[in-house]
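Got your viewer ready? Load the model, switch on a cartoon view and keep the selection box handy.

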Amino acid sequence: MATISVKVEFSGGLEVLFSNQRVHTIDVPAVDAATSTASTLQHLIVYLRDNLLQERIELFVENGTVRPGILVLVNDTDWELEGEGEYVLKNKDEIVFISTLHGG
């Protein structure tokens, strides 16, 4: 099975949910087995939830996507400009999740 290597970074407090590790380099399937389509950012979010998230799922995922208040960058570009969850992952992509929600 072919894989794609993706660098994932968490900041703004999200790293606490992922074993206090800011940067992860992970290999994800190039093709989603369930749909036989190219893996997308949405597939990556599910992969992160199921394989790396250590606690408090509700602080990262809501209604099948990242919760409001989390900025997502794809290779330093806002994911809204890249098609959000429909963005097709490419080898060596850099995906950054930044929480903009802070206590006070």
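Here is a walk from the overall fold to single residues.

**Stop 1: the whole chain**

Keep in mind that this is a predicted model. Colour by secondary structure and you should find 1 helix and 9 strands. Trace the cartoon from the N terminus and the order reads β-β-β-β-α-β-β-β-β-β.

Now for the overall dimensions. The C-alpha trace spans about 45 × 30 × 25 Å along its principal axes. The radius of gyration is 13 Å, which agrees with a compact globule, because for 104 residues such a globule would come out near 13 Å.

Switch on the surface next. The accessible surface comes to about 5800 Å², and carbon and sulfur atoms own 49% of that. Of the 104 residues, 38% count as buried. As for contacts between residues at least 6 apart in sequence, 56% join residues at least 24 apart.

If you like to colour by charge, there are 7 positive and 16 negative charges to pick out. The mean positions of the two sets are 4 Å apart.

**Stop 2: the nonpolar core**

Select Leu41, Leu44, Leu48, Phe60, Ile95 and Phe97 and show them as spheres. Which core do they belong to? They sit in the largest nonpolar core, which has 27 residues, and these six touch the most other members. Strand 1, strand 2, helix 1 (41-51), strand 7 (70-74) and strand 9 each give two or more residues to this core.

Stay with phenylalanine 60 for a moment and display its surroundings. Beyond its neighbours within four places in sequence, phenylalanine 60 is in contact with residues including Phe10, Leu14, Leu17 and Phe18. Ile45, Leu48 and Leu53 are also among its contacts, and so are Thr65, Val66, Arg67, Ile70 and Phe97.

**Stop 3: arginine 67**

Hop from phenylalanine 60 to one of those contacts, arginine 67. Arginine 67 lies in the loop between strand 6 (65-66) and strand 7. Buried, partly exposed or exposed: which class does arginine 67 fall in? It counts as partly exposed, because its relative accessibility is 22% and the cut-off for buried is under 20%.

Setting aside neighbours within four places in sequence, arginine 67 is in contact with Glu58, Leu59, Phe60, Val61, Glu62 and Leu101. For a distance check, pick the C-alpha atoms of arginine 67 and isoleucine 57: they are 10 residues apart along the chain and separated by 10.0 Å.

**Stop 4: threonine 40 and glutamate 86**

Go to threonine 40, in the loop between strand 4 (37-38) and helix 1. Threonine 40 is buried, with a relative accessible area of 9%. Which residues does threonine 40 touch, not counting those up to four places away in sequence? They are Gly85, Glu86, Tyr87, Val88 and Leu89. For another distance, try aspartate 78, which is 38 residues from threonine 40 in sequence and 15 Å away in space, C-alpha to C-alpha.

Now click one of those contacts, glutamate 86, which lies in the loop between strand 8 and strand 9. Glutamate 86 is exposed, with a relative accessible area of 63%, whereas threonine 40 is buried. From glutamate 86, draw a line to aspartate 32: the two are 54 residues apart in sequence and 13 Å apart in space, C-alpha to C-alpha.

**Stop 5: proline 29**

Proline 29 lies in strand 2 and is partly exposed, with a relative accessible area of 29%. Not counting residues up to four places away in sequence, proline 29 touches Met1, Ala2, Thr3 and Ser39. Its C-alpha atom is separated by 9.9 Å from that of leucine 89, 60 residues apart along the chain.

**Stop 6: two positive phi values**

Finish with some backbone torsions. Most residues other than glycine have a negative phi. Select serine 19 and lysine 92 to see two that go the other way.

Serine 19, in the loop between strand 1 (3-11) and strand 2 (23-29), has a positive phi near 60°. Serine 19 counts as partly exposed, at 46% relative accessibility.

Lysine 92 has a positive phi near 75°. Look for lysine 92 in the loop between strand 8 (77-78) and strand 9 (94-99). Lysine 92 counts as exposed because its relative accessible area is 60%, and the cut-off for exposed is over 50%.

Conventions: Residues are numbered from 1 along each chain as its sequence is written. This is a predicted model: local features need pLDDT of at least 70, side-chain atom pairs count only at pLDDT 80 or more; totals for chains, interfaces and linings use all residues. Side-chain values use heavy atoms; hydrogens and water are left out. Helices (H or I, at least four residues) and strands (E, at least two) are DSSP runs, numbered from the N terminus. The radius of gyration is taken over C-alpha atoms; the globule rule is 2.2 Å times the number of residues to the power 0.38. Buried means under 20% relative accessible area, exposed over 50%, partly exposed in between (1.4 Å probe, protein chains only). Contact means heavy atoms within 4.5 Å. Accessible areas come from the Shrake-Rupley method with a 1.4 Å probe; for residues, only the protein chains shown count as cover. Lys and Arg count as positive and Asp and Glu as negative; His and the chain ends are not counted. The place of a charge is taken as NZ of Lys, CZ of Arg, CG of Asp or CD of Glu. A nonpolar core is a set of buried Ala, Val, Leu, Ile, Met, Phe, Trp, Tyr and Cys residues joined through side-chain atoms within 4.5 Å.
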